[in-house]
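Here are some short exercises to work through with the structure open beside you. Try each task before reading its solution.

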Amino acid sequence: METREKIIIIGGGFAGLQLAKKLNNKNKKVIILDRVNHHMFQPLFYQVACGRIEPSNISFPFRKIFQRSRNTQFRLTEVKEIDTAHNKVITDEAEFSYDKVIIATGCKTNFFGNRDMENRAFGMKNTQEAISIRNHVLMTFEKLILEKSRSDDGNWNIVIVGSGPTGVELAGAFAEMKKEILPRDYPYMNFDHLAIILVSSTEKPLAVMSQEAQDKSEQYLKELGVTFLRGEYVTDYDGDKVIMKSGKEIPSNNVIWAAGVTGNVVDGFPLDKLIKNRYIVDRFNKVQGYDNIYAVGDIAYMETPKYPQGHPQVANVAITQAKNLGKNLLRKSRNEWSEYEYEDKGSLATIGKHRAVVDLPFIKFQGLLAWYFWMFLHLMLILSVRNKLAIFFNWMWSYFNKDSSLRLIILPNKKNETLQ
């Protein structure tokens with residue numbers, strides 16, 4: 001009886017999940033290892049942070065996804081190291097042997113070595129961080145009411161560092177929250193003094209998109225009342241004020257860092273296998289120097305004629321790399337394997353209601369049509385029908401009522417926290 005090849009996938013993000021689905025119910029033994037028990041749809045984290053949708057609407061338990069699988073298993077554990085000499089993955093709970101291992105650990109927030117910023121500002125790369133932002137922002141206003149603090153001292157400013165899609169979408173959502181929701185929740189507070197500030201190291205927001213998208217997004221931010229600080233670099237944050245390289249300071253206790261990412265590297269590899277904290281891989285996603293170790297998605301650094309500096313760290317690259325690798329792993333002969341090449345399908349971002357920008361290879365457009373396109377595309381990418389309907393209902397409710405009922409403050413149990 002033929003022994004099935006044992007494949008371990010580390011990480012269940014876009015790349016890991018897509019690869020597992022490609023190998024599902026095939027003649028392989030697949031084990032997914034992840035430190036959380038669910039896949040997360042990261043493009044909508046900002047809506048969790050702003051109380052637009054519930055975390056459960058964009059979270060999909062692995063055991064539910066592969067409930068009827070004949071060959072795919074999931075283990076909740078944190079990977080510590082890959083023992084390449086003995087073909088073992090070492091976790092905090094157990095060891096797993098493998099024939100092939102695929103690293104799909106994605107990225108985490110890059111604070112560029114600034115420990116103060118890392119300890120005091122919020123990243124937004126997982127569900128817990130998105131919930132923490134929602135909790136902290138709402139608690140700011142609850143504390144202000146209790147303490148009867150002045151409403152114009154700046155300590156409630158919301159500062160977002162980084163003007164990529166995440167930063168721009170957050171700024172737009174918080175600006176709408178300031179205008180439509182917070183005055184009804186806190187009728188005795190003057191929200192004219194609440195500033196939504198987007199700090200950018202570039203001259204325009206969405207610097208990776210077209211000039212039309214950059215100009216339009218800046219216009220939308222201005223219409224929403226967002227303060228856009230161009231050409232500024234944040235150097236420090238002490239919990240009360242954000243300090244810029246130019247010497248400018250912004251008072252705030254709500255700082256969200258969306259200014260960069262870095263790879264979630266697994267121990268066990270020499271540094272010469274990494275570039276920009278990403279594993280160097282060939283056109284088949286095989287890690288340089290190894291025959292049975294692969295990396296896909298944000299954690300993989302692949303140079304191609306079209307992308308000599310590596311591919312952008314976006315979901316579509318992760319998904320298509322995983323699909324290509326999955327097809328290759330199922331082919332009988334290595335000679336049949338196909339090289340990966342990324343075809344850019346475009347990029348898009350939304351900046352509040354009826355405001356979005358879309359760059360496609362064949363057309364660029366902005367405004368209402370772009371906003372509908374953005375909603376439709378994201379809705380179609382959600383995994384389950386139930387979650388699609390839940391998100392659609394929440395969006396429609398917010399659209400017509402300019403409100404949501406998801407502004408729950410969920411704090412850790414202090415007693416349990418102490419015991420841990």
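**Exercise 1. Find the residue in β24 that stands opposite Ala349, then describe the sheet around this pair.**

Step 1. In this predicted model, look across from Ala349 into β24: the residue facing it is Val357.

Step 2. Now widen the view to the two strands. β23 and β24 (residues 356-359) run antiparallel and are joined over 4 bridges.

Step 3. Add the remaining strand. The open sheet has 3 strands, ordered β23-β24-β25, with antiparallel pairing. Its edges are β23 (347-350) and β25 (364-366), each of which pairs on one side only. From one strand to the next, the twist averages 5°.

Step 4. Look for helices packed on this sheet. Helix α7 (residues 211-223) touches β24 and β25, and its direction makes about 175° with that of β24. Helix α9 (residues 368-381) touches β23, β24 and β25, and its direction makes about 105° with that of β23.

**Exercise 2. Work out the strand order of the open sheet of 4 strands, and say which strands stand at the edges.**

Step 1. Begin with a bridge: Val159 has Ile197 in β12 as its partner. β11 and β12 (residues 196-199) pair in the parallel sense over 4 bridges.

Step 2. Extend outwards to get the order β13-β12-β11-β17, with parallel pairing.

Step 3. Identify the edges. β13 (227-229) and β17 (254-257) have a single partner strand each, so one side of each lacks a neighbour in the sheet. Neighbouring strands here are turned by 20° against each other on average, direction ignored.

Step 4. Place the helix: α6 (residues 165-185) lies across β11, β12 and β17, at about 170° to β12.

**Exercise 3. Is Ile9 buried or exposed, and which residues does Ile9 contact?**

Step 1. Locate Ile9 in strand β1 (residues 5-10).

Step 2. Check the accessible area. The relative value for Ile9 is 0%, so this residue is buried.

Step 3. List the contacts, leaving aside neighbours within four places in sequence: Gly16, Leu19, Ala20, Val30, Ile31, Ile32, Leu33 and Ile102.

Step 4. Follow some of these contacts into α1 (residues 14-23), where 8 of the 10 residues are buried. Among those buried residues are Gly16, Leu19 and Ala20. Just after α1, Asn25 takes a positive phi of about 60°.

**Exercise 4. Classify the aromatic pair of Phe141 and Trp156, and place the two residues along the chain.**

Step 1. Take the two values that describe the pair: 5.7 Å centre to centre and 70° between the planes. Planes over 60 degrees apart count as edge-to-face, and that is the class of this pair.

Step 2. Place the partners. Phe141 is in helix α5 (residues 127-147), while Trp156 is in the loop between α5 and β11 (158-161), 15 residues apart. Both are buried.

Step 3. Look for further rings: Phe141 and Trp156 form one aromatic cluster with Tyr186 and Phe191. The structure holds 21 aromatic pairs.

**Exercise 5. Decide where the coordinates should be read with care.**

Step 1. Check the overall confidence: the protein chain averages a pLDDT of 91, and 96% of the residues score at least 70.

Step 2. Find the weak stretch. Over residues 416-420 pLDDT stays under 50, and the model has 1 contact beyond four places in sequence for them.

Step 3. Draw the conclusion: where pLDDT is low, the predicted coordinates should not be read in detail.

Key. Residues are numbered from 1 along each chain as its sequence is written. This is a predicted model: local features need pLDDT of at least 70, side-chain atom pairs count only at pLDDT 80 or more; totals for chains, interfaces and linings use all residues. Side-chain values use heavy atoms; hydrogens and water are left out. Rings of Phe, Tyr and Trp (its six-membered ring) pair if their centres lie within 6.5 Å; planes under 30 degrees apart count as stacked, over 60 as edge-to-face and the rest as tilted. Buried means under 20% relative accessible area, exposed over 50%, partly exposed in between (1.4 Å probe, protein chains only). Contact means heavy atoms within 4.5 Å. pLDDT is the predictor's confidence in each residue, from 0 to 100. Two strands pair if DSSP finds at least two bridges between them. Axes are lines fitted to C-alpha atoms, for helices over the stretch in contact, and angles run from 0 to 180 degrees between N-to-C directions.
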